[in-house]
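This report introduces a single protein chain to a reader who is new to structural models. Please consult the sequence and the structure while reading.

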Amino acid sequence: MPDRHASPRLYLQLALVSVIWGGTFIAGRLLAGSMPPLLAASLRFGIASLTLLAFLAATRTPLVRPDSRQALRLLLLGFFGIFGYNLCFFYGLKHVSAARASLIVALNPAMIALASFILLKEALPPVKLSGVALCLAGAGLVIIGKNGNALAGGWAGDLLILGCVASWVVYSVGSRGLSRSLGPLQTVTWSILLGTAMLWAATWAQGAADVAAIARLTPAQWAGLLYLGALGSALAYIWYYDGIKQIGPTRSGAFIALNPLTAVLLGAALLGERLTPAMAAGGALAIAGIVLCNLAIGPAWRKPAQPLPSRSS
């Protein structure tokens, strides 16, 4: 069962995850058109892998050896959450705009909640369901407020971006047991290492490992890759998995609705993009949805858990 008494620090971490992931849109723009998408994804997660391994070495934390069943699940997480997600995302963006893709990806909270209800028997009371709906409505308003043509596009790209949603649902829901048995750090490290190996194998197989393209990267583009790898992948994934471990995938996944909002706000601050009333209203709806999703069982951190009476087995 999710921890009903998670601390405010956990919620702050999940909010920061959304801020970091919103910033990946800005960092990604620095890399647009400079190298093949598959190579960019491989470099991003190569940096994430090195960051995680360096952290384990610095903290003298050994990389645990999973048993055969855990290894199979980690392989599936790497395939769906790292390899599959990035292939669908980068190639989907060849057919649809970033705004439309973000709107489709905003389905994640609802799909995670539905999958958790079906597969994990996680409760989905009306209040939480209303929160999910508000998250989706808010994300939609944010993106449509940024681009009035966000709903124009083709079906091929839509299906690929829906593949992103499906991949992330598997990654979020499928990690639940592993996060509890191995811990968030070990689960994230193994899934990213395995997914990175798959990305590089595909990159070499397609002949996309272009050394010349890597050599042409500017310092700003390297900074973008470091942001995407070290913060957007390594740190953010650990915090997100920590949320799944403590409060479950539905309540953690609700924070994904903040990604479009933070992307828009950072775009306005760093790129001079214009804010609109619709975007502000969307942000308010997204925040209200997160509150409903996470307080549907009550503000648990306000009082300590009552000990359960002991009973014989």
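What percentage of the contacts with a separation of 6 or more in the chain do residues 24 or more positions apart account for? They account for 92% of these contacts. The model discussed here is a predicted one.

**Overall architecture**

The chain contains 13 helices and zero strands. Along the sequence, every element in the pattern is therefore written as α, since only helices and strands are counted and the chain has zero strands. Of the 313 residues in the chain, 49% are buried. The accessible surface amounts to about 14700 Å², and carbon and sulfur atoms contribute 70% of this area.

**Confidence of the prediction**

The average pLDDT of the chain is 79, and 81% of the residues score at least 70. Confidence is lowest in helix H4 and highest in helix H9. Over residues 297–313 the pLDDT stays under 50. For this stretch the model has 13 contacts beyond four places in sequence. The table sets out the mean values for the two helices.

| Helix | Mean pLDDT |
|---|---|
| H4 (residues 98–105) | 66 |
| H9 | 94 |

**A buried residue in helix H9**

Helix H9 spans residues 184–205, and Gln 186 is found in this helix. Is Gln 186 buried or exposed? Gln 186 counts as buried because its relative accessibility is 6%, and the cut-off for buried residues is under 20%. When residues up to four places away in sequence are not counted, Gln 186 touches Leu 56, Thr 61, Pro 62, Leu 63 and Val 64.

**A nonpolar patch on the surface**

A nonpolar patch of about 790 Å² lies on the surface. Its members are Leu 107, Met 111, Leu 114, Phe 117, Ile 118, Leu 119, Leu 120, Leu 159 and Leu 162. Two elements, helix H5 (108–119) and helix H7 (155–174), each give two or more residues to the patch. The largest share comes from H5, with five residues.

Leu 114, one of the patch residues, lies in helix H5. Its relative accessibility is 41%, so Leu 114 counts as partly exposed; this class covers values between the 20% limit for buried residues and the 50% limit for exposed ones. Gln 186, by contrast, is buried at 6% relative accessibility.

Key:
Residues are numbered from 1 along each chain as its sequence is written. This is a predicted model: local features need pLDDT of at least 70, side-chain atom pairs count only at pLDDT 80 or more; totals for chains, interfaces and linings use all residues. Side-chain values use heavy atoms; hydrogens and water are left out. Helices (H or I, at least four residues) and strands (E, at least two) are DSSP runs, numbered from the N terminus. Buried means under 20% relative accessible area, exposed over 50%, partly exposed in between (1.4 Å probe, protein chains only). Contact means heavy atoms within 4.5 Å. pLDDT is the predictor's confidence in each residue, from 0 to 100. Accessible areas come from the Shrake-Rupley method with a 1.4 Å probe; for residues, only the protein chains shown count as cover. Patches are made of residues with over 30% relative accessible area and no salt bridge: like charges are joined within 9 Å, nonpolar side chains (Val, Leu, Ile, Met, Phe, Trp, Tyr) within 5 Å. A salt bridge is a side-chain nitrogen of Lys or Arg within 4 Å of a carboxyl oxygen of Asp or Glu.
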